[in-house]
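Me: Could you take a look at this protein with me? I'd like to go through it one question at a time.

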Amino acid sequence: MKRIVILASGSGSNAEEIIHHFKDSNLASVVAILTNKHEAGVLERAARLHIPAFYFNRPAYREDSLLRLLQALEPDLIVLAGFLWKVPEAVVRAFEKRIVNIHPALLPKYGGKGMYGMYVHQAVRDAQEVETGITIHYVNEHYDEGDIIFQARTPVSKEDSAEQIAHKVHELEYAHFPKIIEALLHEQQL
Ligand code: GRF
């Protein structure tokens, strides 16, 4: 059985979709959720869904306790689902091509530091883009710059508010992220 570890900083709706997707799977299961926010909604979801959850603070993150925790969890894939800190280099090196992130826009547009959540959707609206979407990519030492694995698109109209754009993007995330994770785990030669 392959092991998925999720890192999340926010509400965790993607995390919940992934947990449900693998609930009865013979391929993989979500073994833990890690968060840097003790008030994150994802913790309530983890408790309700009976997934062990761990909180880490800045010092633990900067030093190598996060790396040791991840190594102890033996993940086949680390999934960033709304995780807002840059992944430390030591973690990237230890889990090369085994960390994936979802970004709520069509990278390389609207990526980088500070481009997260509603900031992304507001920027898409302000630029009067006619489409937006999601990008699933491997994680390297730079924000939102790892190799792209998958993108999906959705139209944006002039009347769409940032909230409406966010809703469309979330729908794409729920439809694709769990399936892409499954495909990646299938492809892994272990
Ligand atoms: C998602 O839109 C994801 O793409 C972005 O942060 C959001 C997290 O939402 N990186 P949730 O916590 O999964 O509800």
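Me: Let's begin with Asp-24. Is it buried or exposed?
Reply: Happy to help, and please keep in mind that this is a predicted model. Asp-24 has a relative accessible area of 68%. Exposed means over 50%, so Asp-24 counts as exposed.

Me: Which residue forms a salt bridge with Asp-24?
Reply: The partner has a relative accessible area of 55%, so this residue too is exposed. The closest N and O atoms of the pair are 4.0 Å apart. The residue you are asking for is Lys-23.

Me: How many salt bridges does the count come to?
Reply: The rule asks for a side-chain nitrogen of Lys or Arg within 4 Å of a carboxyl oxygen of Asp or Glu. One pair that meets it is Lys-168 and Asp-160, at 2.6 Å from N to O. Lys-168 is partly exposed at 26%, whereas Asp-160 is buried at 9%. By this rule the count comes to 10.

Me: Arg-48 and Glu-16 also meet in a salt bridge. How many residues apart are they?
Reply: Their side chains come to 3.1 Å, N to O. Arg-48 belongs to helix 2 and Glu-16 to helix 1, so the pair links distant parts of the chain. Arg-48 is partly exposed at 42%, while Glu-16 is buried at 12%. Along the chain they are 32 residues apart.

Me: Which elements do the buried residues of helix 1 pack against?
Reply: Helix 1 covers residues 13–21, and its buried residues include Ala-15, Glu-16, Ile-18 and Ile-19. Contact here calls for heavy atoms within 4.5 Å. The elements they pack against are strand 1, strand 2, helix 2, strand 4 and helix 7.

Me: Turning to the aromatic rings, are Phe-56 and Tyr-61 stacked or edge-to-face?
Reply: A search of the whole structure finds 6 aromatic pairs. In the pair of Phe-56 and Tyr-61, the centres are 5.3 Å apart and the planes differ by 10°. Planes under 30 degrees apart count as stacked, so Phe-56 and Tyr-61 are stacked.

Me: Which residues are linked into a cluster by ring pairs?
Reply: Phe-56 and Tyr-61, both buried, belong to this cluster. Trp-85 is another member, and Arg-58 lies over its face at 3.9 Å from the ring centre. The full cluster is Phe-56, Tyr-61, Phe-83 and Trp-85.

Me: Where is the residue Gln-128, which has a positive phi?
Reply: Phi of Gln-128 is about 55°, although the residue is not a glycine. Its relative accessibility is 60%, so Gln-128 counts as exposed. Its place is in the loop between helix 6 and strand 6.

Me: And what is the phi of Glu-74?
Reply: Glu-74 sits in the loop between helix 4 and strand 4. At 56% relative accessibility, Glu-74 counts as exposed. Its phi is positive, in a residue other than glycine, and lies near 50°.

Me: Is the peptide bond from Leu-107 to Pro-108 cis or trans?
Reply: Pro-108 lies in the loop between strand 5 and helix 6. Omega of the bond from Leu-107 is near 10°. That peptide bond is cis.

Me: One last question: is Thr-132 buried or exposed?
Reply: Thr-132 is in strand 6. Beyond its neighbours within four places in sequence, Thr-132 has contacts that include Leu-106, Val-124, Val-156 and Ile-165. Its relative accessibility is 2%, so Thr-132 counts as buried.

How values were computed
Residues are numbered from 1 along each chain as its sequence is written. This is a predicted model: local features need pLDDT of at least 70, side-chain atom pairs count only at pLDDT 80 or more; totals for chains, interfaces and linings use all residues. Side-chain values use heavy atoms; hydrogens and water are left out. Rings of Phe, Tyr and Trp (its six-membered ring) pair if their centres lie within 6.5 Å; planes under 30 degrees apart count as stacked, over 60 as edge-to-face and the rest as tilted. Buried means under 20% relative accessible area, exposed over 50%, partly exposed in between (1.4 Å probe, protein chains only). A charge sits over a ring if NZ of Lys or CZ of Arg is within 6 Å of the ring centre and within 35 degrees of the ring normal. Helices (H or I, at least four residues) and strands (E, at least two) are DSSP runs, numbered from the N terminus.
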